[in-house]
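Hi,

Here is the structure I said I would pass on. Have a look at it first, and then read my notes below.

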Amino acid sequence: MRTSNLDHVRNLGILAHVDAGKTAVTERILHLTGATHKQGEVHDGTTVTDFDPQERDRGITIFAAAVTCVWDGHRITVIDTPGHVDFTDEVERSLRVLDGAIAVFDGVAGVEPQSETVWRQADRHGVPRIAFVNKLDRAGADLDTAVESIRRRLHPAPLVVQLQIGREDGFTGVVDLVRLPEGAPAEARRRRRELEEAVAELHPLALDEFCAAGTVSAETLEKALRELTRTGDGLVVLCGAAYRDRGIEPLLDAVVAYLPSPSDVTPVRADRPADPAAPPAALVFKVVATTTGRLTSVRVYSGTLRKGDQVLDAGTGRTERIARILRVQADRLSEVDSAVAGDIVALAGPKAARVGATLCVPGDPVLLEPPVTAAPVVSVAVEARRNGDRLAPALAWLAEEDPSLVVRTDPETGQTVLAGLGELHLEVAVEKLRRGRGLEVAVGRPQVAYRETVVRGVSGLVHRHVKQDGGAGQFAHVVLDVEPLDDGFEFVSAVVGGRVPREYVRAVEAGCRDALADGPLGGHPVTGVRVTLVDGATHVKDSSETAFRAAGRFGLREALRASELRLLEPIAAVVVTVPDDAVGGVLGDLAARRGRVAGSAVRSGTAVVTATVPLAELFGYANRLRSRTQGRGTFAARPAGYAPAP
């Protein structure tokens, strides 16, 4: 399945809100390209990419899975990513190594909460996208409404390149507006004209042709759409119904025509082009411990990796050996001798490389930017039910595979605490311990990650750090002002006359950051504070960076105890979808959970309620909602920052 021409390679992800049809789109792509001979179905638990038993039991994608297929002479690697908010870190790690993406939208719901979340993630990584409005065969589906929600909430210039044929149950296919067929209906000709005008407003070549000839040729349209996609100035929108195999072939054509190849992407460094002959550099984005050993998934950005090569982990300085190189097809692996720039493969052999590690040639190191790991917001206490069960190494294995899981020991209770991105995230992790390691684990009630913030600060707090224990002593004198800040932490030095040398100022800042780890209200991290170093003094012999770091730490702790602080709790933005006859009970339940309703709308007998709710009040809400609506209600939530706790 290798192609020697990087222009004929596409690495893309499938992004969407849960239940928009991502996995169904992936399955149809695999079947249409001949990569599979039988279509899998999510509801039957037979899909290729949702191969984990928990994914099949729950009917959702939990773990990002890579598959490869060939279309029109192009090798396409597809990563099917999760759509649930609790697993956005899987999306983050995938987007870091992808060149493009298909954003899938529900033709009835349009843009949904997690649609926005993954879209913003792709924005941060600069990943070009095309959009696919799915499920147009469903009652209430409307392409124009879905596109308008994209325009309003995600991208100002959606460019619809197809016209749907029929509506809802009568949806039978699409008309290509770029290469408009002879005898196309009047509505298709009108939409083609609108597309020409929209593209001409965004692209100079199309504008010149439109002004000169009064129209834009298919070739110019394709070129302009490709460039607008890659710059992000325009968004190509296609449509279909994946479950009924409608619109998938044109979608694959659009992937080839509009999304970039590895050679189109800016090199990670000038001396590391996407060239098999360049010095090798690869980024680790996933680590999995299988029954046969450890697999390290990498994206090769430059050069060639070969079986038997010694590579350097640039972050740790450790040398690793590549024992095998494996092409991944979800849970199936096939061995290859080498991997070149643009390849996404798994390596057997590396024993310590973590997610975010750069693997490169020992004599020519380079460090690639790692994916950002989200901070956990929910935690539970865990302990082994059976004596003799080794919980610590099993938890370390979990955290190695999923860096968004954090394991720590509670300093007050001595309990082992597992923290993650949501209640479902932790449920899946605990179940993975049971199924993967055979452990029976007792789990405490979920706890949320509180923060503390300054409401009223103090001025001129003096702290003198003096320590004398026989040898060289420690001396540092600091004067601090503390005041509220909207968010985060800011450190300012107002010292004049060199009374505190620059290196000691940096040490004071480091000490202040140390002090923010546990606030005086309840040991929670402190945010929303500005610290100003007003003055200070040194000793000719006993002052050091260590002494001033200690002064910063203890001085700020003292200042925070003298300040007025407020406890903050995490808030979630919630979208609840219920039958309109159940909306009253839902509103009452949200109010009882300290929710603040932002709005509600009714469409086709279905009510959509938007609200913000404290995350602590959402534990168990899914079961409560189902019981209130006889199983017909659903909800989605995403983090929405912090707010004062009662």
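I'll start with Asp 343, which sits in the loop between strand 17 (338–340) and strand 18 (344–348). Keep in mind as you read that this is a predicted model. Asp 343 has a relative accessible area of 0%, so it counts as buried, the cut-off being under 20%. If you want a landmark for it, try Leu 305: the two are 38 residues apart along the chain, and their C-alpha atoms are separated by 9.9 Å.

Next, go to helix 9, which covers residues 248–258. Most of this helix is covered, with 8 of its 11 residues buried. Those buried residues are Ile 248, Leu 251, Leu 252, Ala 254, Val 255, Val 256, Ala 257 and Tyr 258. When you look along it, remember that an α-helix has 3.6 residues a turn, so residues three or four places apart point the same way.

Asp 253 belongs to helix 9 too, but at 38% relative accessibility it is partly exposed, because that value falls between the 20% limit for buried and the 50% limit for exposed. It also takes part in something on the surface: Asp 253 gathers with Asp 72, Asp 176 and Glu 249 in a patch of negative charge.

Another buried residue to look up is Thr 88, in helix 3 (residues 88–95). Its relative accessible area is 13%, so it comes in under the 20% cut-off for buried. What does Thr 88 touch, leaving aside residues up to four places away in sequence? The answer is Gln 114, Thr 117, Gln 121 and Leu 421.

Finally, a couple of backbone angles. Most residues other than glycine have a negative phi. Glu 168 is not a glycine, yet it has a positive phi of about 50°. You'll find Glu 168 in the loop between strand 7 (162–165) and strand 8 (173–176), and with a relative accessible area of 32% it is partly exposed.

Arg 594 has a positive phi as well, near 65°, and it isn't a glycine either. Arg 594 lies in the loop between helix 14 (583–592) and strand 32 (596–603). At 33% relative accessibility, Arg 594 counts as partly exposed.

That's what I have for now. Shout if you can't find any of these on your screen.

Cheers

Methods: Residues are numbered from 1 along each chain as its sequence is written. This is a predicted model: local features need pLDDT of at least 70, side-chain atom pairs count only at pLDDT 80 or more; totals for chains, interfaces and linings use all residues. Side-chain values use heavy atoms; hydrogens and water are left out. Helices (H or I, at least four residues) and strands (E, at least two) are DSSP runs, numbered from the N terminus. Buried means under 20% relative accessible area, exposed over 50%, partly exposed in between (1.4 Å probe, protein chains only). Contact means heavy atoms within 4.5 Å. Patches are made of residues with over 30% relative accessible area and no salt bridge: like charges are joined within 9 Å, nonpolar side chains (Val, Leu, Ile, Met, Phe, Trp, Tyr) within 5 Å. Accessible areas come from the Shrake-Rupley method with a 1.4 Å probe; for residues, only the protein chains shown count as cover. A salt bridge is a side-chain nitrogen of Lys or Arg within 4 Å of a carboxyl oxygen of Asp or Glu. Lys and Arg count as positive and Asp and Glu as negative; His and the chain ends are not counted. The place of a charge is taken as NZ of Lys, CZ of Arg, CG of Asp or CD of Glu.
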